[in-house]
Amino acid sequence: MRILLRWCWGPLPGGGGSGGGGGAGRRPSPQWRALVGLSGSSGGEDGRGARVREKPPWRVLFFGTDQFARETLRALQAARENKGEELIENLEVVTVPSPSPKRLPVKQYAIQSQLPVYEWPDVGSGEYDVGVVASFGRLLSEALILKFPYGILNVHPSCLPRWRGPAPIIHTVLHGDTVAGVTIMQIRPKRFDVGPILKQETVPVPPKSTTKDLEAVLSRLGATMLISVLKNLPESLNKGRQQPAEGVTHAPKISAATSCIKWEEQTSEQIFRLHRAIGNIIPLQTLWMNSTIKLLDLVEVNSSVLTDPKLTGQAVIPGSVIYHRQSQILLVCCKDGWIGVRSVMLKKILTATDFYNGYLHPWYQKNSQAQPNPCRFQTLRLPLKKKQEKKIVAMQ
């Protein structure tokens, strides 16, 4: 006899069907279950014989990779070790393959904490109540999600539906948002970041925050929020709300091309935001005398420097570079003003003074009659090669 399955996207009527292994008791009403007729199987539709738990302690499978995810895993491990609270009974970890464990903070922490670790797509064969994802970067299948009686929760560092996608913190900084946040949501298959919201909190973004600064704040907030949800998991799932259709924005991965400054198009504020957003992942870069040069340490230009006759006494175009001896910085003209640069990387790391003494000053001595245009910074156009256009994922 064929059994008809109906996939349920909301709470089940009457708390769902019976558990496996004899079927005594009622299931809670998680939002992800299949309604199954009398199949004669004691294991249920996902093949698991254990009865679904209605309250903690939970058996958790965690999916994550980077520093943001590590903070969530650390909170789960602390809860597991807290025997008085009895929130987490078992904790196992899935991470992505990597030639170097040092590049995966989650894997490092799991090994140090003696937690079982699996490399994707291996997800282990144990019995779990709920999955937790934080900055994993892989689309999880419907079949995998259905293996968890309470589904899979995602700790996402944005106020969904704003900044759906793999790089929400980067885009929060890049676009100058004054408010950030964390959303605990339940994963749906086939699309990222579209599931119901279980909990959401916001925080102000301090002025001039970098991605690294904001990541530290949001990772701690997200870990605390997740523990709160797990303490009342069935209730949290039943009270989940759908994401609004308005206000959707996307946070795609960052590529090397994003780091190329467009001097004629970008304002000083946009360049500083770009530096704060991705500077710790990939330095901003530009073209100087047909060589790629990376700008490592950007600083705002003091108002007193802007009154210097060198800046006010001649016509300058975007990309023009002037060495300011008193403050020992390079001044670079952009669309609406100037930015300061303390150090660069050409063949090696150079201070602004080193760059002036070794490159700028000799060029002007040799080409004293020439126009300075060839000596300015110009927008770098990266060739459209797969290797160079490889997307860069920071934490998210």
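**A note on strand E15 and the H1/H2 contact**

1. A good place to start is the pairing of strand E14 (residues 329-333) with E15, which is antiparallel and runs over four bridges. Please keep in mind that this is a predicted model. Cys333 is the residue opposite Trp338 of E15. Four residues lie between E14 and E15, and the two strands form a hairpin.

2. On to the next turn of the chain: E15 also pairs with strand E16 (residues 349-351), again in the antiparallel sense, over three bridges. Here Val344 has Leu350 of E16 as its bridge partner. E15 and E16 make a hairpin too, with three residues between them.

3. E15 has a further partner in strand E12 (residues 291-299), and this antiparallel pairing counts five bridges. If you would like a pair to look at, Lys294 is bridged to Met345 in E15.

4. How much of strand E15 is covered? Most of the strand, which spans residues 338-345: six of its eight residues are buried.

5. Now for the helices. The axes of helix H1 (residues 67-81) and helix H2 (residues 105-112) come within 8 Å, crossing at roughly 25°. H1 is therefore roughly parallel to H2, as angles under 35 degrees count as such.

6. Which residues make this contact? H1 contributes Gln67, Ala69, Arg70, Leu73, Arg74 and Gln77, while H2 brings Pro105, Val106, Tyr109 and Ala110. Sorted by class, the contact of H1 with H2 holds six nonpolar, two polar and two charged residues.

Conventions:
Residues numbered from 1 in each chain as written. Predicted model: local features only at pLDDT ≥ 70, side-chain atom pairs only at ≥ 80, totals over all residues. Heavy atoms only, no water. Buried < 20%, exposed > 50% of the residue type's maximum accessible area, 1.4 Å probe, protein only. Pairing = 2+ DSSP bridges. Axes fitted to C-alpha atoms, helices over the stretch in contact; angles between N-to-C directions. Parallel < 35°, antiparallel > 145°, perpendicular 65-115°, else oblique. Contact = heavy atoms within 4.5 Å. Nonpolar A, V, L, I, M, F, W, Y, C, P; charged D, E, K, R; others polar.
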